[in-house]
Amino acid sequence: MSDAAVVDRVHVRAPGKINVFFEVGDVQDDGYHDVASAYQAVSLYEDVWAEPSDDFTMRVSGTVDVSGVPADDRNLALRAARLLAQRAGYEGGVHLEIIKHVPVAGGMGGGSADAAAALVACDLLWGTDLGMHELQRLASRLGADVPFSLLGGTAIGTGRGDQLSPALAKGRVDWVLVTSEGEGLSTPEVYRHLDRLRADRAPDIAPPRRTPAVEPGVLQALRTGDAAALAERMRNDLQPAALSLRPQLRNVLELGENSGALAGIVSGSGPTIAFLTAGPEAALELQVTLAAAGYAALHVHGPVAGARAL
Ligand code: ATP
């Protein structure tokens, strides 16, 4: 492997995700949980530019509050670049410019999208050409949601969420997202809270199943593109924990569901709320209603492709 860069500058775009179904198993001895997730990639993207450099450096900006994002080796994108260099025996470095549009600590996998984008960008910049299979393997070492941001579309994830199989999905789904700018939720804290609620046998909290699995009705609704059927079957086991930590999210869910949404769900560990709608017009109407009530509401659609060079 030569350390002469092959191209000057690479621009990669990677999507955020919504979990339309998320079942969480019991906590394991190592503190992690097995999960079963139905992911959908949506049209809210992270932009990552990679340029040749002797070192590993980065700069982060965006249309969302990025004050909580480290711009050093704690950043998942820089860790992705270093991991790829190590795997490929590349001796140079990279400068990454990240422009974030996915809310930070919002439950939409923004950091994972940055890491997926960095893998694709550095692979192209350095000409390492590892191939999708190997990039997927590196992605799963970086975090549970990184492989999905590489893959995109609609997919089922098991294990930690990183053992992926693409799911058949018909048509386009229109979502309205309500974000909580600058008020993210820590994913580990939400899991710990769910464990506590389960240990206390809190009302409305079902005990965990041994082997989480995506319900067949969810797969069927995705396959047939039946938004109303999907709305009835969406479920997120982290939702009661996120709502218990952030009770005001209940008001958002109630307003959206009373204002034309087919259903609302906490995305991942929250606090972003995703409303499923009947189509583009319904989404636009809902977005206007939520914005008029003072909420930050975005209209996005899915499924979209995974991390790609532009
Ligand atoms: P997930 O749903 O995958 O658990 P999330 O969408 O809730 O994640 P992220 O925005 O991906 O949350 O990141 C959560 C934390 O990770 C941030 O608070 C930040 O400290 C750290 N982090 C590391 N790298 C990044 C990055 N590139 N972008 C954002 N946060 C990052």
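Q: What is the relative accessible area of V27?
A: Three classes are in use here: buried means under 20% relative accessible area, exposed over 50%, and partly exposed in between, with a 1.4 Å probe and protein chains only. V27 belongs to the partly exposed class because its relative accessible area is 37%.

Q: What kind of model is this?
A: Residues are numbered from 1 along each chain as its sequence is written, and side-chain values use heavy atoms, with hydrogens and water left out. Local features need pLDDT of at least 70, side-chain atom pairs count only at pLDDT 80 or more, and totals for chains, interfaces and linings use all residues, the model being predicted.

Q: How far is the C-alpha atom of V27 from that of P208?
A: V27 lies in strand β1, residues 10-27 (strands are DSSP runs of E, at least two residues, and helices are runs of H or I, at least four, numbered from the N terminus). Setting aside residues up to four places away in sequence, V27 touches Y32, H33 and D195, where contact means heavy atoms within 4.5 Å. P208 is 181 residues from V27 along the chain, and their C-alpha atoms are separated by 9.0 Å.

Q: Which helix supplies the largest share of the largest nonpolar core?
A: This core has 40 residues, and L84, V94, L96, L119, W126 and L150 touch the most other members; such a core is a set of buried Ala, Val, Leu, Ile, Met, Phe, Trp, Tyr and Cys residues joined through side-chain atoms within 4.5 Å. In soluble globular proteins, nonpolar side chains tend to be buried together. Elements that each supply at least two residues include β2 (33-53), α1 (76-88), β4 (93-100) and α4 (146-151). The largest share, ten residues, comes from α2.

Q: At what angle do α2 and α3 pack?
A: L119 is one of the α2 residues in this packing: A115, L119 and D123 meet L135, L138, A139 and L142 of α3. By class, the contact has six nonpolar residues, no polar ones and one charged one. Axes are lines fitted to C-alpha atoms, for helices over the stretch in contact, with angles from 0 to 180 degrees between N-to-C directions. For α2 (residues 110-125) and α3 (residues 132-142), the axes are 10 Å apart and the angle is about 145°.

Q: Which residue of α4 does L119 touch?
A: Leaving out residues up to four places away in sequence, L119 touches A80, L84, L135, L138, A139, L142 and L150. Helix α4 spans 146-151, and the contact of L119 that falls in that range is L150.

Q: What is the strand order of the open four-stranded sheet?
A: β9 (263-266) and β11 (296-302) each have a single partner strand, so one side of each is left without a neighbour in the sheet. Neighbouring strands are turned by 25° against each other on average, direction ignored. The pairing is antiparallel (two strands pair if DSSP finds at least two bridges between them), and the order is β9-β10-β7-β11.

Q: Which residue of β10 stands opposite W175?
A: Strands β7 (residues 173-179) and β10 (residues 273-276) run antiparallel and are joined by four bridges. Helix α9 (residues 249-257) lies across β7, β9 and β10, at about 15° to β10, while helix α10 (residues 280-292) touches β7, β10 and β11. The residue opposite W175 is L276.

Q: What is omega for the cis peptide bond between G302 and P303?
A: There is also a cis peptide bond between G270 and P271, with omega about 5°, and P271 sits in the loop between β9 and β10. P303 is in the loop between β11 and β12 (308-309). For the bond joining G302 and P303, omega is about -5°.

Q: What is the relative accessibility of D129?
A: D129 is in the loop between α2 and α3. Its phi is positive, about 50°, although D129 is not a glycine. D129 counts as exposed because its relative accessibility is 65%.

Q: Is H193 buried or exposed?
A: H193 is placed in helix α5 (residues 187-199). Neighbours within four places in sequence aside, H193 is in contact with A241, S244 and L245. Its relative accessibility is 12%, so H193 counts as buried.

Notes:
Ala, Val, Leu, Ile, Met, Phe, Trp, Tyr, Cys and Pro count as nonpolar, Asp, Glu, Lys and Arg as charged, and the others, Gly among them, as polar.
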